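Me: Got a minute to go through a model with me? I'd like to talk about side-chain packing and aromatic rings.
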Amino acid sequence: MLHPGLWNALLFDFHPVTLGATFLIFTLWLLVRRKQLAALICAVLAMMCKEQIGLSVALLGVYAILFVKRPSTSPGSARDASRLARFRQSRDWPFGLLLIAIGLAWSVIALGVIIPAFQPSGSSYYLNRYGRLGSTFGEVLLSPITRPDIFWSIVSGPKRVAYYGDLLLPLGFLLSSGSRCSCQRCLTSR
């Protein structure tokens with residue numbers, strides 16, 4: 001929440017997407033704390049701030065599936081099961097799938113139905129913005145496969161690379177720390 005890019009969004013004018021970042025942070029924190037109802041409420045509040053935040057909520061659902069562990073119910077049977085079965089049983093699949101479903105549904109409805117309905121041209125602003133990649137959302141999503149030359153020229157252009165640097169500069173160019181918590185509570189729970 002202290003990222004300069006987030007603060008910069010507030011310097012000129014009010015942007016609802018900055019509130020969405022706060023709700024997403026709380027959603028993540030509540031996921032880790034296993035408070036599902038509160039996490040769902042924060043996820044919905046985040047999605048109300050901007051149409052594409054549903055994609056971030058869907059990624060939080062993936063995070064819940066991969067990293068949020070359920071409390072173990074039968075430690076004896078977990079030793080006997082295969083590694084994949086233990087992983088499947090120990091993760092929060094239902095809630096993660098719920099977040100993925102509502103996040104993707106919101107983004108599809110907002111980007112494909114609501115926004116075009118209120119545009120004078122009848123098409124989404126985002127399709128006009130990424131028109132070089134395709135004329136439909138499906139074409140734009142498949143453009144890394146169907147039009148890799150155009151896609152990579154856009155993604156790796158000099159202005160984009162400078163933009164990526166500007167995003168990572170306040171974080172010391174760290175993409176992820178990879179470090180683990182070493183507090184006593186976390187050490188005893190491992």
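Reply: Sure. Phe 151 is buried, at 19% relative accessible area (buried is under 20%, exposed over 50%, partly exposed in between, with a 1.4 Å probe and protein chains only).

Me: Where do these values come from?
Reply: This is a predicted model, where local features need pLDDT of at least 70, side-chain atom pairs count only at pLDDT 80 or more, and totals for chains, interfaces and linings use all residues. Residues are numbered from 1 along each chain as its sequence is written, and side-chain values use heavy atoms, leaving out hydrogens and water.

Me: OK, what sort of aromatic pair do Phe 151 and Trp 152 form?
Reply: Edge-to-face, with 5.0 Å centre to centre and 85° between the planes. Rings of Phe, Tyr and Trp (its six-membered ring) pair if their centres lie within 6.5 Å; planes under 30 degrees apart are stacked, over 60 edge-to-face, the rest tilted.

Me: And Trp 152, buried or partly exposed?
Reply: Partly exposed, at 48% relative accessibility.

Me: How many aromatic pairs by that rule?
Reply: Four. Tyr 63 and Phe 67 form a tilted one, 5.2 Å centre to centre with 40° between the planes.

Me: How exposed is Phe 67?
Reply: Phe 67 has a relative accessible area of 55%, so it counts as exposed. Tyr 63 is partly exposed at 28%.

Me: Switching topic: what does Leu 99 touch?
Reply: Beyond neighbours within four places in sequence, its contacts (heavy atoms within 4.5 Å) include Leu 31, Leu 40, Val 57 and Gly 61.
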